[in-house]
Amino acid sequence: RKVEDIEDETENVEEARHAVETAKAAIEAKRREIDAFRSQHGIVSIEREENPSANRLKALYSALNEASAREVNAEARLKALNDSVAQGTGAVPTSERSALGNLQSRANDLRARMRDLEHDYTQNYLAMDPKYKALRSNLERIEKQIENERQRTQKSALVDAQEQYASAQRAAQKLRDQIDSIKQESQAFSMPFVELKRMASDLDQLQEARRLAATRLAKLETARKPA
């Protein structure tokens, strides 16, 4: 055999051995890097652990759905009240109906008494009748009370509706802020696992490179002829 062939075979075997050793050293270094990374981030397993934020997010989304419904209802109630006031048909809250009903009953009674007098006497006579004038004066006073009471109750209802809507808005926004915050926490939780999987993929590639290098070395050693 030629000396050159023997030298080439020896050189090829040495290169293959060097490739195996280099791959082995790279694998060990990568494993140390992975162990250090896992220790730094408190990751027990390379498999993704349960994200502790997941259950919190689920509960918050459920709460947000309910809060959003309350927000929509409160907004609708406020709009309805504003529309009714603008049209002069503002509804009176249930709690205020009794007092207003009493005033309206008194006004109706006064109107009935005035109609009785109008049925029996002329307008000229009634214009001078102290009793009729007193009834009309009382009716005007009560009608003014009724109007004032309506305005007061409508204003009170509007203020209450505005406060409820604002409160519903704050509650829904607070939940949205909490969800955004937990999403960020969840993302921060996930990032180390993503990086660890990338490192694991690098390790797989290094192990494959070592396997190929070891296979090549074995073939070269088997094919090597004695001098």
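The protein chain of this predicted model contains five helices and zero strands, where helices (H or I, at least four residues) and strands (E, at least two) are DSSP runs numbered from the N terminus. Along the sequence, the elements follow the pattern α-α-α-α-α. Residues are numbered from 1 along each chain as its sequence is written, and side-chain values use heavy atoms, with hydrogens and water left out. In this predicted model, local features need pLDDT of at least 70 and side-chain atom pairs count only at pLDDT 80 or more, whereas totals for chains, interfaces and linings use all residues.

Of the 227 residues of the protein chain, 26% count as buried; buried denotes under 20% relative accessible area, exposed over 50%, and partly exposed the range in between (1.4 Å probe, protein chains only). The accessible surface of the chain comes to about 15700 Å², and 51% of this surface belongs to carbon and sulfur atoms. These areas were computed by the Shrake-Rupley method with a 1.4 Å probe, and for residues only the protein chains shown count as cover. With contact defined as heavy atoms within 4.5 Å, 88% of the contacts between residues at least 6 apart in sequence join residues at least 24 apart.

Two residues of helix 2 illustrate such contacts. Leu64 lies in helix 2 and is buried, its relative accessible area being 12%. Beyond its neighbours within four places in sequence, Leu64 is in contact with Ala172, Leu175, Arg176 and Ile179. The C-alpha atoms of Leu64 and Ala171 are 8.6 Å apart in space, although the two residues are separated by 107 residues in sequence. Glu71 is likewise found in helix 2, which spans residues 53-86. This acidic residue counts as buried, at 14% relative accessibility. With neighbours within four places again set aside, the contacts of Glu71 are Tyr165, Ala168, Gln169, Ala172 and Arg176. Ala172 and Arg176 thus appear among the contacts of both Leu64 and Glu71.

The structure holds 13 salt bridges, each defined as a side-chain nitrogen of Lys or Arg within 4 Å of a carboxyl oxygen of Asp or Glu. One of them joins Asp160 and Arg77, with the closest N and O atoms 3.6 Å apart. Asp160 belongs to helix 5 (residues 130-223) and Arg77 to helix 2, so this pair ties together parts that are 83 residues apart in sequence. Both partners are partly exposed: Asp160 has a relative accessibility of 31%, and Arg77 has one of 34%.

Other salt bridges lie within a single helix. In helix 2, the side chains of Asp83 and Lys79 meet at an N to O distance of 3.0 Å. Because Asp83 and Lys79 are four residues apart in helix 2, about one helical turn separates them. Asp83 is partly exposed at 33% relative accessibility, whereas Lys79 is exposed at 54%.

In helix 1 (residues 3-41), Glu33 and Lys30 are three residues apart, about one turn of the helix. Their salt bridge has its closest N and O atoms 3.1 Å apart. Glu33 is partly exposed, with a relative accessible area of 36%, while Lys30 counts as buried at 13% relative accessibility. Both residues also belong to a network of salt bridges that links Lys30, Glu33, Glu195, Arg198 and Asp202.
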